[in-house]
Amino acid sequence: MKICKPLFFLFGFLFLLVSGCTQSHPQSTPSKLQQWMSENGRLKVLCTTSMIADIVREVGKDKIDCLTLIQGESDPHSYQLVKGDDEKLARADVIFYNGLGLEHGPSLAERLKKNPKAYAVGDFLSSKRPEDIITYGASVDPHIWMDVSLWADSVPFIAETLSQALPEQRYFFEEKSKACVALLQTVHVDIQERLAAVPQERRYLVSAHEAFNYFVRAYLATNEERAKGSWMVRSMAPEGLAPDSQLSTADIQRLVDHIVQYNVQTLFAESNISRDALEKITDACLQKGHVVHVAKEPLYVDAMGPAGSIAATYIGMMRHDAETIARALEKGDL
């Protein structure tokens, strides 16, 4: 049977069109959330912050599915639950959060407090090492991960919590926990040695908000200052523990006096906080005849770096911050 040419070309065109559509739209892979929500037999672990999630993944490895609740540059201090978060909280077998007042957004704080599956890393460390938890005024400083040695002490707690939820994997979690602690202790010593190379008279840190107290005590203070509790003079910020306060004239004057007294030349911005407060400080210092600038490279504290960057992991973030601070204090801005 003969097929007329117009029909032949029409069939050929339709075949190419269908083939082209099929080839240009490959089967999509499940998202991280879809994988986490799937029924695959793994323990479902939800962590409020990336800093916690990184440690949990190191301990749990392929025995768990781990998801971070507060993503990207979102501020954990003020984070409010969004659509889909309630389902994540309900679906999780275990929830880890920082505690010590970090997650104080009303909707999230209430859910965590009432959830029997939620465990606060900070509460554990506060009970184990109460003398090492820093208070700022009447508030507890929740930025415990900024001292790697202190953060390392949370790892056995995480391993034990996972073991209670998955008893048959206890030995696995304990072994991974030991390896993780050893790695963190190495990182802690590396950062100590790197910052110790900075002349003592330059080891003063002025950042956007009071998030570096643990870091300063561990890595910028002298042994004598740590013993006497006088190390806090090395840390100063225009905003408090949560970056949501208003900067008063008195605050500016206090910071300017500190900067001039200790000859601070570099201020440090944080990745997820506006530089406005620091710019006000630099202008006020200039009026006093003291030149100070804001470092070009941001520090990561409440949020880790973007995917693919060195600061995208907890260890990478800590190494990045340490090196950025060290070079800026040694040589000025980069």
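The following paragraphs describe the strands around strand 1, then the aromatic pairs and the charges placed over rings, in a predicted model.

Strand 1 covers residues 43–47, and 5 of its 5 residues are buried. The burial applies to both faces of the strand. Leu43, Val45 and Cys47 lie on one side, Lys44 and Leu46 lie on the other, and all are buried.

Two neighbouring strands pair with strand 1. Strand 2, residues 64–68, runs parallel to strand 1 and is joined to it by 5 bridges. Within this pairing, leucine 46 stands opposite leucine 67 of strand 2. Between strand 1 and strand 2 the chain passes through helix 3, residues 50–60, and the resulting β-α-β crossover is right-handed. Strand 3 is also parallel to strand 1, with 3 bridges between them. Here valine 45 has valine 94 of strand 3 as its bridge partner.

Strand 3 also leads to the aromatic residues. The model has 9 aromatic pairs in total. One of them joins phenylalanine 96 and phenylalanine 157 in an edge-to-face arrangement, with 6.5 Å between the ring centres and 75° between the planes. Phenylalanine 96 belongs to strand 3 (residues 94–97) and phenylalanine 157 to helix 8 (residues 155–165), so this pair links parts of the chain that are 61 residues apart. Phenylalanine 96 has a relative accessible area of 0% and is therefore buried. Phenylalanine 157 also counts as buried, because its relative accessibility is 16%, and the cut-off for burial is under 20%.

Phenylalanine 157 takes part in a second pair, with phenylalanine 124. This pair is stacked, at 4.6 Å centre to centre and 10° between the planes. The pair again links distant parts of the chain: phenylalanine 124 is in helix 6 (residues 121–128), phenylalanine 157 is in helix 8, and 33 residues separate them. Phenylalanine 124 has a relative accessible area of 22%, so it is partly exposed. Together with Tyr119, the residues Phe96, Phe124 and Phe157 form one aromatic cluster.

Two other rings have a charged side-chain end placed over them. Lysine 63 puts its charged end over the ring of phenylalanine 172, at 5.0 Å from the ring centre. The ring of tyrosine 204 lies under the charged end of arginine 234, which is 4.6 Å from the centre of that ring.

Note on methods. Residues numbered from 1 in each chain as written. Predicted model: local features only at pLDDT ≥ 70, side-chain atom pairs only at ≥ 80, totals over all residues. Heavy atoms only, no water. Phe/Tyr/Trp six-rings, centres within 6.5 Å; stacked < 30°, edge-to-face > 60°. Helix = DSSP H or I, 4+ residues; strand = E, 2+ residues; numbered from the N terminus. Buried < 20%, exposed > 50% of the residue type's maximum accessible area, 1.4 Å probe, protein only. Lys NZ or Arg CZ within 6 Å of the ring centre and 35° of its normal. Pairing = 2+ DSSP bridges. Right-handed = clockwise from strand over helix to strand, strands pointing away.
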